[in-house]
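Visitor: I would like to learn how to read helix packing and the surroundings of a single residue. Could you take me through it step by step?

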Amino acid sequence: MDEQQFVGLLEALLQPDTEGVKQATSTLNKTYYTSPASLNALLQVICKHPKPELRQLGAVEARKLVGKHWAKLPAEQKSSLRNQLCEYTLNEEVTLARHSAARVITAIATEDFEEGQWAELPGFLLQAATSSQVRHREVGTYIIWTTLESVGDSFPGKKADLYKLFSSTIQDGESAEVRVNTMLALSRLAMLLEPDEAPKELAMFQEAIPAMVAVLKATVDEGDENHALQAFECFQTLLGCESALLQRHFGDLVRFMMELATTTSIDDDYRSQALAFLMQCVRYRKLKIQGLRIGEELTLKSLQIVTELGDLSSEDEDGSPARSALGLLDILASSLPPSQVVIPLLKALGRYFSHQSPDYRQAGVLALGMCVEGAPDFIATQLHEILPRVLSLLEDPDLKVRAAALNGVARLADDLAEDVGKEHATLIPAMLKNFDLAANNLSDERSLQIVRGTCHAIDSLIEGLEPEDAAKYVPELVPRFSNFFNHEDLRCKSAAIGAVGSIASASEKAFLPYFPQTMHALSQYVRIKDSPDDLDLRGVVCDSMGKMASAVGAQPFEPYVLPLMEASEEALHLDHPRLRETSYILWSTMAKVYEEQFSKYLPGAVKGLQECLEQDETGIDVELGEHARDLLGTEVVVEGRKIKVAAATDDDDDDSDLNEAAMDEDEWDDIGGVSAVAMEKEIAAEVYGDIITHTRREYLPYLESTVEKLLALVEHSYEGIRKAAIGTLWRTYACLWGMAEGDGMAKWKPGLPPPVDPPEQLKKLGNLVMMATMTVWGDEMDRGTVTDINRDIAATLKLCGPSILMLETGKTVVPEMTQQLLAIITKRHVCQQDLGDEDDDGEVLDESSEYDWLLIETGLEVITCLSVALGPSFGELWKAFEKPVVKYASSQESVERSAAVGTIAECIGNMGPACTPYATNLQKLLVHRLSDEDPDTKSNAVYGIGLLCEMTTNDGEILSALPTIFSKLEPLLDAQDQARLLDNTAGCVSRFISKHGDKIPIPEVLPRVVELLPLREDYEENKPIFHMIVKLYQANEATVQQLTPRLMPIFEKVLGPPEEQLQDETRQQLVQLVKYLQK
């Protein structure tokens, strides 16, 4: 081997000559790196070459060849090389070269430990880590850390000896590197620790935590940025380990991080890191945070930090503490109950909204906006107090406060469109006043910010208006916003175009007069592609045009379909992720507008969607160093694909670029997380569902291959894809079921085995969909995905009945489904646990965040729909569900009581006489809830007690309670402002009359029922009411005969529009009755 040429080639790699580097790389790979001698030569370069940069490069290259060639070297040579390498590394003065050489030792140790060799290395490392020389201690602890990272449990010796060593090195008085290396090594031990199997090790680890906190605090106090970031990373790692590790110190750690976050005298980077840690705590340890009752303190301190924001329009401070604090508020609101976040926030906002400093007023309204998404139901109940304050901020003397108020309106309307939309008459004029002032003075960025803010706010708000209300604003809004279609500021232009699309969507046919000129004005952007900005704008225009198509309908939009579809197919090949997603969404919209007529575009759309799902997600090479840490949690575009940047790790890939030698290997971090390709696939999977359900029969030629592709995505690593694929599979089954019924298949009937046998292909699809869902449902850790699965199953059982519950084996999924539902409603499902606590049977907390409750509520909905599909045979299952459901019926939270009582009522109705064994307990509960303070719970109880009377065969029991029941029903008749309660009361009394007419004073009761007609809201109750009235006429009952003049106009109204007032059977009965009475 020509050593001189070999070293020359290595030196060529360090030259700024791309062509030379390529040639040198090729020669090394082909001529030298195929031989074990090259590894020996590289190790000699590391230990002996005078240039530090070449020693480092030698180490980077050697590390890659260890796995390939180390085992082939003679034993004596290996022994000599180990000694040489250790001696050199201890004394290397250049940090980068020293760290790279240490990594080579780790690579060799990884190979040797597998073969039971190099038993003396741990002793050498212990000696180095306790040496009197600082550098030796740094090298020793560094290699221990990197070797633990590489070999894990294969590290020789006892863990107790390492903990003993670390208890000393973590307090090293001379070197921050020794202390931080020790922390990093401890974090690796944490990842290996199984608390149940190693209680002594757990205790030793827990004892180390105060010292780890002290190391972090010291690095922050000294402004030692690199070591501080590594120390923060250690604590982030611990959050991903078994929760027992931090349990003893968790509360203190959270308070310490909160103190760091609020300390304005330290560097902003450290404060943002502390806030990032708190966000991860709330995300992965929310039950611990909730149990500590620390949510209020976190909320109020975050609110205080937001006052430091300064100007909202500055875009160069994405990682600032104030923006991080807004992110923390967002996670707090969606993870913790309103009592710990939203209620204390709203109490504090009064002071912020009226504060003399605009920074406080801005902070208040921005914080409010961040919390809406997490607790929309609670905030909806407070809008009567919130909106007047927001309105006053829209007229604030300070421009940045007005901009923040517009942001607040947009966020409120995003999640509460209908509720906020009711205030359109005050909100829209106030926003337009801001818009007009800014539009007349566009000289500065702040005015442009107001223009954009108004467009975004109206974009969100207008969607919540009824078409006739939205129509009033079309002449005011469209001309104003159209003026910005050609504005030089791209973001203003995009905001205005987006807003006009939403105005069209909300106002429907009222947009028609503006439709041709708007399409003409926007047509110039449909094919632009000269720059990334052009492509961004093209995407916005495509979205907006799709909304206009929905608004004006198929015929007026027809001339624009072909050019727009052609543009959307071209967009797939322009290397722009957002534009591809826009194309898929456009196809979804066009399928909804044109239904079966979309068939001529199906070949192109299906091809585009299939190619999307076939994209490779693994071939994206991204390398970011320490200096890119502020990108964590954001998205970057690489090779035309968006990558979401996740937390970094220290390790680097063995196939890394040769030029890495220019930096310390520890500064190259892998990226994990969600790629843009994955997010694109999520949209594509959802769009499949829209196209299939709207094109129906036309889609059948493509169906089999589509189902195969979707089934392959059900266990994808990204939860968005899992959710979309499962949702589309269920929609597909429901669509095919509807088509089969349209082709003459009998309407399904409740019970197992299913009384109606569907076609074989439909059974096969049902089996595939159910099996795929069951593989995910029980182990799914993402709360939103489980919630959506609940919705999918519930909707399909209600629409298609019990057939999908049967498997090909002849067995049924009901037992497994019951277990999953019980886990969800008792808060024991894996997605309801903290990370690391999945097998823990600890205390279950009573309060829930709104999204946690939504999961349970959708679980209750599946139970209800199971009872729909099973009918009387559900009676046996109710044994399992009764106790947990009844527990929610006595909850402190009205929303929980209402949902539980509603579930009980529906299940009684669906299982029919099979409810009799449970009637005693259910009657007692429902009678008690007739006096509930919450109108919805009370209304559901009225509905339930009526159904119980109708269904139970134990008549004596219900009749004995009759005086109590009617004494509780009578006061409800005065609740004129609660339509649903009155409707349910009328239905309830009608059921009693139908079943026990001889026990009820009809002359007194019937006139009161007639006063409540026609029903205003709950049209389902028309069935028992008119069934009862028809029955009384058939019996020639005197009271109903006398009431005929009052009843005839009521009959006329319910037989008229809206059609949904009566089911077909009830309508036929009533028509016959009216004919009879008219005779």
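**Reading a helix pair and a buried residue**

Guide: In this predicted model, the axes of helix H42 (residues 894-911) and helix H43 (residues 919-929) come within 12 Å and cross at roughly 135 degrees. Angles over 145 degrees would count as roughly antiparallel and those from 65 to 115 as roughly perpendicular, so H42 is oblique to H43.

Visitor: Which residues of H42 and H43 meet, and what is the handedness of the crossing?

Guide: A general idea helps here: with 3.6 residues a turn in an α-helix, residues three or four places apart point the same way. In this case Arg897, Val901, Ile904 and Ile908 of H42 meet Leu922, Leu925, Leu926 and Arg929 of H43, and the crossing of H42 past H43 is left-handed.

Visitor: Is Asn940 buried or exposed, and in which helix is Asn940 found?

Guide: Asn940 is found in helix H44, which covers residues 935-951, and because its relative accessibility is 8%, under the 20% cut-off, Asn940 counts as buried.

Visitor: What does Asn940 contact beyond its neighbours in sequence?

Guide: Leaving aside neighbours within four places in sequence, Asn940 is in contact with Ser898, Val901, Gly902, Ala905, Arg980 and Asn984; with Arg980 there is a polar contact between the two side chains, at 2.3 Å.

Visitor: How many residues of H47 are buried, and what span does H47 reach?

Guide: Helix H47, residues 979-996, reaches 26 Å from its first C-alpha to its last, close to the 26 Å expected for its 18 residues, and H47 is mostly covered, with 16 of its 18 residues buried.

Key
Residues numbered from 1 in each chain as written. Predicted model: local features only at pLDDT ≥ 70, side-chain atom pairs only at ≥ 80, totals over all residues. Heavy atoms only, no water. Helix = DSSP H or I, 4+ residues; strand = E, 2+ residues; numbered from the N terminus. Expected span 1.5 Å × (residues − 1). Buried < 20%, exposed > 50% of the residue type's maximum accessible area, 1.4 Å probe, protein only. Polar contact = N/O pair within 3.5 Å; in protein donor to acceptor, adjacent residues only side chain to side chain. Contact = heavy atoms within 4.5 Å. Axes fitted to C-alpha atoms, helices over the stretch in contact; angles between N-to-C directions. Parallel < 35°, antiparallel > 145°, perpendicular 65-115°, else oblique. Left-handed = near helix turned anticlockwise from the far one by under 90°.
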